[in-house]
Amino acid sequence: MAGLLNNLKIRDYITILANRQKQFGLADDSAPAGTDASRALARALHPNRQYLKVAAVTERAEDVKSFTLVPDPERGTKELAYFGAGKYLTVFAEIDGQPVTRAYSISSSPKASLEGRYELTVKLVDGGLVSRYILDNWQEGTPVEVSAPEGNFEYQPLRDAKTVIGLAGGSGITPFLSMAQAIRDGDEDFELILLYGSRNKKSILFAKELAQLEKDCEKFKVIHVLSDSRAKASEGFEKGFITADLIKKYAPADKPYSVFLCGPQQMYAFADKELEKLGLERKYIRHEMFGEFHNPAAAPDYPAGVPETVKITVTQAGETRTVEGASNDSVLQILEKNGIAAPARCRSGECGWCRSLMVSGKVYIPPHLEYRRLADRQFGYIHPCCSFPLTDLVLDVPEAK
Amino acid sequence: MRNNYDVIVIGAGNGGLAAAATCAKAGLKTLLLEKHNLPGGSASSFVRGRFEFEPSLHELCGVGTPDNPGDIAKTFDELGAKVDWYSHDETYRLIVPAEEDDPEGFEGENGVRVKIDAAMPAGFEAFSRKLDSIVPGSYESSMKVFHLSTLMYEAFDDLNSGKINPVKFLTKYGDVFKMAGHTVRECLDELGMPKKAQNIFTAYWCYMGAPPMRFDFLYYMAMMHGYVERGASMPHLRSNEMSCAIDKVIREAGGEIRYNSEVTRVLMQNGKPCGVVVNGKTKLFAKQFICNVHPNFAMPDFFRPAQIPADARRKINGRSVAASLFTVYLGMNRTKEQLGIHNYSVFISTADDSDDQFRLVQGKMLGNYVIINCLNEVIPDCSPEGTSMLFLTGITYGDVMQGVRPEDYKKLKTKIADEMITQCEKALGIDIKPYIEEIEIALPPTFSRYLNTPNGSPYGYQLDLWDSMLSRTIQYNKDQPFDNFLFCGASQERGDGYGCAYYTGKKAAGLVIKKLKEGK
Ligand SMILES: Cc1cc2nc3c(=O)[nH]c(=O)nc-3n(C[C@H](O)[C@H](O)[C@H](O)COP(=O)(O)OP(=O)(O)OC[C@H]3O[C@@H](n4cnc5c(N)ncnc54)[C@H](O)[C@@H]3O)c2cc1C
Ligand code: FES
């Protein structure tokens with residue numbers, strides 16, 4: 001049969017193959033570098049762990065302290081990972097044999113991390129395990145272990161409006177403080193109008209720092225919203241709660257604006273209703289994560305007849321154990337209370353770090369925390385930090401890395 | 001606790017998944033170790049707000065239809081892994097915008113001035129007719145190409161059946177040999193395809209990252225034939241569905257998978273691998289190893305320099321790393337109809353010649369070339385009602401992140417994404433930016449983090465005439481550093497692509513199974 005490629009010769013494949021080997025023969029046989037700029041950058045931005053120590057403690061208010069953290073080169077951390085304002089660190093600790101993790105937004109500026117400083121600000125939560133432990137135990141010199149900066153609560157110029165109305169409640173001020181400093185330092189470019197809810201003037205966190213930032217940076221403005229009925233409205237102070245009318249009063253009338261929220265769960269519940277009245281497009285509303293969900297039995301869609309205690313059989317790195325826990329605790333909490341370290345970062349259902357296989361059993365997942373991948377749902381993977389056991393479970397949990 | 005296995009598979013990318021599933025199904029005591037907390041490597045997904053994004057997959061050419069299944073569909077069927085496939089009968093649209101004063105320019109869709117605007121259908125006949133309507137006189141050469149690629153598949157079948165004798169093979173399939181020894185450019189010239197038609201015909205170069213002037217025609221056509229014959233397919237629930245389906249097969253066959261388990265060292269005995277260290281602490285042993293980690297990092301990370309055979313060191317130093325990608329994932333608060341998008345896959349380039357496209361992106365961080373995909377075109381319900389998802393891809397080569405400091409990185413990401421989006425808006429004559437509800441941007445360091453490959457490249461080593469699929473296949477054994485430590489994945493014979501990675505995993509598994517059955 002006549003071919004189609006008649007003017008091309010069959011190249012001698014033996015020669016082509018020999019050439020390939022020749023080409024390799026000419027190459028250098030020194031030890032391969034094993035790195036490049038992309039790898040170096042990935043490692044600098046996303047270290048698996050950062051080993052730090054407390055360099056200073058600042059009392060901010062009753063039961064609220066800021067901790068300045070610096071690298072601990074002796075344990076292997078020479079530089080801090082740079083971050084975008086709004087990110088959080090997950091703190092790893094062991095309290096009475098219980099491995100625990102908690103997320104705290106970085107309250108210092110991105111620039112400070114280049115100078116070797118992060119600041120976390122911790123507020124006591126009533127009956128809280130880790131916040132109590134940190135406030136009681138962290139002092140100058142305490143070694144601290146944290147994750148890389150994590151999370152998506154950041155300004156993104158291609159997505160967000162040029163003006164952001166920040167709604168902060170209590171310790172939810174922390175990411176905004178970092179954002180305001182980043183704007184001042186020229187690391188972010190947007191206008192931030194912060195409506196900051198506190199009980200009264202005395203309970204405002206970072207009052208001085210915020211006032212100074214306002215002076216130093218014309219793109220930043222703060223309005224304190226005081227809920228105490230005895231508080232008085234004055235320049236820069238409003239009374240009551242963060243309502244739709246209040247947002248309208250400070251938001252630009254003639255151009256789009258984004259609303260960023262960070263605060264306690266009750267604040268989200270209230271503010272979300274107010275935001276509905278403003279009819280903003282969904283893209284202009286962004287929440288920081290909800291934090292741990294507790295007391296699932298109070299949820300309207302929680303099933304009846306769930307046993308009070310359950311057994312969980314866990315396989316982790318080839319070892320299998322069976323433990324017991326309360327069905328009112330998340331699967332992650334039950335594991336931790338039994339001394340099992342499980343992977344976690346946000347503890348709010350969103351980040352997916354805790355992803356584990358549920359081989360058998362049933363769990364309750366609060367619908368607003370359903371952030372699992374679609375195929376994960378189909379193939380039985382759960383996020384233990386926001387899954388509550390309804391029956392005995394059999395799990396395969398990755399190592400806490 | 002078990003610490004001894006028949007085979008340890010390092011890395012649960014597509015190659016590692018296929019390897020582990022094949023070994024486990026053959027009854028081997030199999031352990032799959034993965035650094036990340038989920039399977040798939042590139043074949044995964046991530047959630048932002050109300051969107052779940054596909055991180056890597058543009059399209060699969062190896063699925064086909066139930067009556068005419070391709071490689072991937074067959075592999076999944078053999079393994080018993082169930083995936084809900086969605087298919088699509090368009091191949092791609094190529095747009096080359098024209099400068100105002102370009103005499104070749106004409107007014108295309110939405111008033112955009114273009115030099116080329118070619119939306120190509122699937123099917124050999126339909127594709128060739130469409131090509132002819134854009135470049136009159138190209139029908140015949142186009143059909144000849146598909147005739148050759150059909151012949152090529154017959155040759156593969158004959159080779160696999162082992163029934164044909166070499167002399168007969170050479171006379172019957174002389175053209176196939178020529179395809180293997182010549183570039184895409186040489187062969188299309190020889191077939192008399194007009195230059196402009198070649199520009200359209202070679203637009204798929206980006207999926208293998210090798211330009212027509214350096215890529216062998218045989219392998220280019222192996223891919224192109226698949227897309228044009230069968231059209232493209234996607235899994236319903238992003239590629240995480242494919243990875244989860246294989247994960248399930250491995251477990252059901254008695255294999256063990258450990259996530260968050262990074263191999264940090266390979267243990268040696270008598271000059272051969274005998275075990276691995278996981279997360280710097282746990283030692284696990286096996287007779288055989290299949291490694292899905294790119295050799296450029298696996299060898300220096302796992303072995304001391306003196307333990308790496310000189311030949312393996314030369315192979316790392318003597319080859320160049322294939323393409324790296326920039327990707328932008330957009331969750332849009334408008335439907336594709338509202339946005340004015342009606343193609344799944346659009347290639348947009350400032351240069352009309354594919355070789356120039358390749359030259360222009362060398363070592364560059366920005367511009368010239370971008371692909372835009374809209375998944376809703378194939379899977380209408382992939383995002384909530386009233387929304388859609390877009391996926392933009394740019395391509396580059398080399399260690400382009402040199403000199404980028406951590407504090408520059410976020411701004412650089414935004415700048416690159418901005419340019420890529422702007423280029424799409426201009427070429428399509430539509431608005432994208434006002435409707436972005438979610439955005440995620442991945443640059444080579446992002447891929448480096450998730451895939452652990454040099455330059456963050458998902459494509460392995462550069463495919464080239466001197467280092468082609470066929471040469472790599474013939475010299476497979478020579479390319480492995482130890483006889484019980486086989487590589488699989490994009491760094492191997494077939495380069496990048498899901499089907500290619502599954503193939504190399506299955507092949508390595510087949511060799512391991514054979515060796516263990518023979519008691520070696
Ligand atoms: C992204 C992010 C950023 C954050 N940034 C900051 C920050 O900058 N500063 C800051 O102070 N905090 C911040 N937080 C909150 C912080 O991570 C902790 O949630 C907080 O410190 C409380 O931890 P805890 O261990 O003290 O309380 P927990 O031990 O979590 O207990 C909280 C409360 O829940 C109750 N509880 C526990 N288990 C159950 C159960 N099963 N059923 C019912 N009730 C239960 C406890 O009794 C207690 O009242 C952030 C959280 C997130 C997600
Ligand atoms: S820790 Fe983030 S999803 Fe569970």
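This passage describes how two chains of a predicted model meet, and then looks at some helices and charged pairs within the structure.

The contact between the two chains is a good place to begin. In this predicted model, 104 residues of chain B are in contact with 72 residues of chain A. The size of an interface is often given as the accessible area lost when the parts come together. For chain B and chain A this buried area is about 7600 Å², and carbon and sulfur atoms give 57% of it. Three residues stand out on the chain B side: Glu190(B), Lys410(B) and Trp466(B) supply 8% of the area that chain B buries against chain A, more than any other three residues.

Charge also plays a part in the picture of this interface, with 13 salt bridges counted between chain B and chain A. Side chains of opposite charge can pair when their charged atoms come close. One pair to look for is Asp29(A) with Arg313(B), which form a salt bridge whose closest N and O atoms are 4.0 Å apart.

A helix from each chain gives a more detailed view of the contact. Helix α2 of chain A, residues 37-45, packs on helix α17 of chain B, residues 444-451, at an angle of about 75°, and the two axes are 8 Å apart. This angle makes α2(A) roughly perpendicular to α17(B). On the α2(A) side, the residues that take part are Ser38(A), Arg39(A), Leu41(A) and Ala42(A), and they meet Pro444(B), Pro445(B), Ser448(B) and Arg449(B) of α17(B). Sorted by character, the residues of this contact comprise four nonpolar, two polar and two charged.

How many of the eight residues of α17(B) are buried? Six of the eight are, so α17(B) is largely enclosed by the rest of the structure. The buried residues are Pro444(B), Pro445(B), Thr446(B), Phe447(B), Ser448(B) and Leu451(B). Their cover includes α2 of chain A, and also β14 (324-332), α16 (406-428) and β18 (436-442) of chain B. Just after α17(B) comes Asn452(B), which has a positive phi, near 60°.

A second helix of chain B, α12(B), is mostly covered, with six of its eight residues buried. These are Pro295(B), Asn296(B), Phe297(B), Ala298(B), Met299(B) and Phe302(B). What do the buried residues of α12(B) pack against? Their neighbours include α2 of chain A, along with β1 (4-10), β11 (263-269), β13 (282-291), α13 and β19 (485-487) of chain B. The loop between α12 (295-302) and α13 (310-317) of chain B holds Gln307(B). This residue, Gln307(B), is buried, with a relative accessible area of 19%, which falls under the 20% limit for that label. Leaving aside residues up to four places away in sequence, Gln307(B) touches Met268(B) and Phe482(B).

Salt bridges can also be followed through the structure as a whole, where a search over all chains finds 68 of them. Within chain B, the side chains of Lys172(B) and Asp158(B) meet in one of these, at 3.6 Å from N to O. Lys172(B) belongs to helix α5 (residues 166-172) and Asp158(B) to helix α4 (residues 139-161), so the pair ties together parts of chain B that are 14 residues apart in sequence. Lys172(B) is partly exposed, with a relative accessible area of 42%, and Asp158(B) is partly exposed too, at 21%.

Another salt bridge links Arg185(B) with Asp353(B), whose closest N and O atoms are 3.5 Å apart. Arg185(B) sits in helix α7 (residues 184-190), while Asp353(B) sits in the loop between β15 (345-349) and α15 (354-361), so this pair ties together parts of chain B that are 168 residues apart in sequence. Are the two partners buried or exposed? Arg185(B) counts as buried at 12% relative accessibility, and Asp353(B) counts as buried at 10%.

A further salt bridge joins Glu229(B) and Arg230(B), with 3.8 Å between the closest N and O atoms. Glu229(B) is partly exposed, with a relative accessible area of 32%, and Arg230(B) counts as partly exposed at 24%. Elsewhere, salt bridges that share partners join Arg20(A), Asp311(B), Lys315(B), Arg319(B), Asp467(B), Arg472(B) and Asp479(B) into one network.

Conventions: Residues are numbered from 1 along each chain as its sequence is written. Chains are lettered from A and ligands numbered from 1 in the order in which they are written. This is a predicted model: local features need pLDDT of at least 70, side-chain atom pairs count only at pLDDT 80 or more; totals for chains, interfaces and linings use all residues. Side-chain values use heavy atoms; hydrogens and water are left out. Axes are lines fitted to C-alpha atoms, for helices over the stretch in contact, and angles run from 0 to 180 degrees between N-to-C directions. Helices (H or I, at least four residues) and strands (E, at least two) are DSSP runs, numbered from the N terminus. Angles under 35 degrees count as roughly parallel, over 145 as roughly antiparallel, 65 to 115 as roughly perpendicular and the rest as oblique. Contact means heavy atoms within 4.5 Å. Ala, Val, Leu, Ile, Met, Phe, Trp, Tyr, Cys and Pro count as nonpolar, Asp, Glu, Lys and Arg as charged, and the others, Gly among them, as polar. Buried means under 20% relative accessible area, exposed over 50%, partly exposed in between (1.4 Å probe, protein chains only). Buried area is the accessible area (1.4 Å probe) that two parts lose on being put together, summed over both.
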